[in-house]
Amino acid sequence: EKFRFRKDGGLCFNGDSAEANALDDYEEGTYTPTVDHGMSATAYTTQDGWYRKIGTLVEFNFYIRLAGSGATSNGQQLRISLPFTQNNSGNLRGHGNITYQNFASPSPASDCTPSLYISGSKAELYVGPTQFIGGNGTDQANKYLIGGGHFYTTS
C-alpha cells in the first residue's frame, strides 16, 4: 500500500487523510538487553538491543556478549529481557530466533538451535518443547547471544 505522512505527523494509507485512520503510534529505539534468568554474577562486554514498535506490534533484535565473570546456572532456562512487556491476553504470543556461541554443555545438545518464546517481559529459550539451558560454567567470557523476534505489547 502507498502511504504518506500528514503535516501533524500521522501516517495515511492510499491517500486516506481521515484523522481516525492515521498511524500515530510509531517508535524506533534502543534498549539494554540482559540475561534475566539462568545466569548468576552476570557481567557483560556488550548489551545492544534495537526495537521498532508500530501500534502494539513490536519487532526487536539484540546482541549480548558476556564478560569473564558471567556464570550460567546449571538447570535454569536462559531468558532474555525485552524492551516492552508482552500482552499475554487471549492467544497473543510472540516468537523469535536466536543463536549462541561457546556455552559449556548446553542442554539440549549444542547442535540444536533454540527458538524464542515471548512471555511477559522476557524471551524464553526453547528447543522444541524443552527449555534451553546454558550448561554450568563459571568462565563465560566471550560467550554471546544474538536474536530477535516479534510480539504484541500492552502499551
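Which residue stands opposite Ala-123 in strand 12? Ile-118 does, and the strand 11 close-up below puts that pair in context.

**Before the close-ups: how to read them.** This is a predicted model, where local features need pLDDT of at least 70, side-chain atom pairs count only at pLDDT 80 or more, and totals for chains, interfaces and linings use all residues. Residues are numbered from 1 along each chain as its sequence is written, and side-chain values use heavy atoms, with hydrogens and water left out.

**View 1. The whole chain is built from strands.** There are 14 strands and zero helices; both are DSSP runs numbered from the N terminus, with helices being H or I of at least four residues and strands E of at least two. Of the 155 residues, 40% are buried, where buried is under 20% relative accessible area, exposed is over 50%, and partly exposed is in between (1.4 Å probe, protein chains only). Take the contacts (heavy atoms within 4.5 Å) with a separation of 6 or more: 67% of them are between residues 24 or more positions apart. The chain shows about 8,200 Å² of accessible surface, 46% of it from carbon and sulfur atoms; the areas come from the Shrake-Rupley method with a 1.4 Å probe, and for residues only the protein chains shown count as cover.

**View 2. Strand 14 pairs with strand 7 and with strand 10.** Strands count as paired if DSSP finds at least two bridges between them. Strand 14 (residues 144–152) runs antiparallel to strand 7 (residues 57–66), with nine bridges. Look for Asn-61, whose bridge partner in strand 14 is Gly-148. Strand 10 (residues 94–101) is antiparallel to strand 14 too, through seven bridges, and here Thr-99 has Ile-146 as its partner.

**View 3. Strand 11 has a buried face and another that is not.** Leu-116 and Ile-118 point to one face and are buried, while Ser-115, Tyr-117 and Ser-119 point to the other and are not. Four bridges tie strand 11 to strand 10 in the antiparallel sense, among them the one from Gly-96 to Leu-116. Strand 12 is also antiparallel to strand 11, over five bridges, and this is where Ile-118 stands opposite Ala-123. Two residues sit between strands 11 and 12 in their hairpin, and Gly-120 takes a positive phi near 65 degrees there.

**View 4. The largest nonpolar core takes in 24 residues.** A nonpolar core here is a set of buried Ala, Val, Leu, Ile, Met, Phe, Trp, Tyr and Cys residues joined through side-chain atoms within 4.5 Å. Phe-60, Phe-62, Ile-80 and Leu-145 have the most contacts inside this core. Two or more residues come from each of strand 7, strand 10, strand 11 (115–119), strand 12 (122–127) and strand 14, and strand 7 gives the most, with five. In soluble globular proteins, nonpolar side chains tend to be buried together. Zoom in on Phe-62: leaving aside neighbours within four places in sequence, its contacts include Tyr-31, Pro-33, Trp-50, Ile-80, Ile-98, Leu-116 and Leu-145.

**View 5. Aromatic rings meet in six pairs.** Rings of Phe, Tyr and Trp (its six-membered ring) pair if their centres lie within 6.5 Å; planes under 30 degrees apart count as stacked, over 60 as edge-to-face and the rest as tilted. Tyr-51 and Phe-84 are edge-to-face, 5.1 Å centre to centre with 90 degrees between the planes. Tyr-51 is in strand 6 (residues 44–54) and Phe-84 in the loop between strand 9 (79–81) and strand 10, so this pair ties together parts 33 residues apart in sequence. Tyr-51 is buried at 13% relative accessible area, and Phe-84 is buried at 16%. Tyr-117 and Tyr-126 are another edge-to-face pair, at 6.2 Å and 90 degrees; Tyr-117 is partly exposed, at 32%. Phe-60, Phe-62 and Phe-151 form one aromatic cluster.

**View 6. Thr-153 is tucked in after strand 14.** This threonine is buried, with a relative accessible area of 2%. The Thr-153 side chain reaches the backbone oxygen of Thr-85 at 2.8 Å, a polar contact (a pair of N or O atoms within 3.5 Å; within protein, one must be able to donate a hydrogen and the other to accept it, and residues adjacent in sequence count only if both atoms are side-chain atoms). Not counting residues up to four places away in sequence, Thr-153 touches Lys-53, Thr-56, Val-58, Phe-84, Thr-85, Gln-86 and Asn-87.
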